[in-house]
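Here are a few short exercises to work through with the model open beside you. Try each task before reading its solution.

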Amino acid sequence: MSTILKIFVFPAAMLIMCLGVLTILGGHITPGGGFQGGAMIAGAFIFCAVVYGIKESPFHFSHNFMAAMESAGALIYVGLGLAGLIFSGFFLYNLGVDLNQLVPTFITNIFDYPDPIHAGIIPYLNIVVGLKVMVGLSAVVIAFMQFNHDDEENSDADGDNH
């Protein structure tokens, strides 16, 4: 890619990531949330990977790191759901708000999101959904780019033999 693109992409990707984080953190009071913010952050990573290439991208994700982040997001999501099930009898019950007074006070205080709207566990769910979407979309594109890169190397090696 051109030098102008390489100069422009990294700052633009940082701005896109900040907008994605803002979308995730404000998802309980604005349109958007975990999926939209995670897709924006993944778009920033993909933007850098396409312009710089997989090897020279400023964001290097190993397979183990991506698998760990995906697993952590899934486990935290299920953990929040099970916490609701244990303390209220309902999976993904909003423990921080507790409209039906089913949850002990100390649990409600743990999950109370410090916001004037009192969103409870919704922002935490947005965060883990954003994490999973970001890793999932990035992994798909990185896999395709590596597959394409490996395919090009194989075709170059076959071309030398003929």
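**Exercise 1: the overall fold.** How many helices and how many strands does the secondary structure of the chain come to?

*Solution.* Start with the ground rules: this is a predicted model, in which local features need pLDDT of at least 70 and side-chain atom pairs count only at pLDDT 80 or more, while totals for chains, interfaces and linings use all residues. Residues are numbered from 1 along each chain as its sequence is written, and side-chain values use heavy atoms, with hydrogens and water left out. Now count: the chain has 5 helices and 0 strands, where helices (H or I, at least four residues) and strands (E, at least two) are DSSP runs, numbered from the N terminus. Along the sequence the pattern reads α-α-α-α-α. Finally, check burial: 34% of the 162 residues are buried, meaning under 20% relative accessible area with a 1.4 Å probe, counting protein chains only.

**Exercise 2: a helix pair.** Find how the axes of H1 and H2 are arranged.

*Solution.* Recall that two packed helices are described by the angle between their axes and the distance between the axes. Axes here are lines fitted to C-alpha atoms, for helices over the stretch in contact, with angles from 0 to 180 degrees between N-to-C directions. The axes of H1 (residues 3-25) and H2 (residues 34-52) come within 7 Å and cross at roughly 170 degrees. H1 is therefore roughly antiparallel to H2, a label for angles over 145 degrees. By class, their contact has 19 nonpolar, 6 polar and 1 charged residues. Nonpolar covers Ala, Val, Leu, Ile, Met, Phe, Trp, Tyr, Cys and Pro; charged covers Asp, Glu, Lys and Arg; the others, Gly among them, are polar.

**Exercise 3: two residues to inspect.** Is Val9 buried or exposed, and which residues does Ser57 contact?

*Solution.* Take Val9 in helix H1 first. Its relative accessible area is 0%, so Val9 is buried. Leaving out residues up to four places away in sequence, Val9 touches Phe47, Cys48, Val51 and Tyr52, contact being heavy atoms within 4.5 Å. The C-alpha atoms of Val9 and Val51 are 7.4 Å apart, although 42 residues separate them along the chain.

Next, go to Ser57, in the loop between H2 and H3. Ser57 counts as buried because its relative accessibility is 3%. Beyond its neighbours within four places in sequence, Ser57 contacts Cys48, Ala49 and Tyr52.

Conventions: Parallel < 35°, antiparallel > 145°, perpendicular 65-115°, else oblique. Buried < 20%, exposed > 50% of the residue type's maximum accessible area, 1.4 Å probe, protein only.
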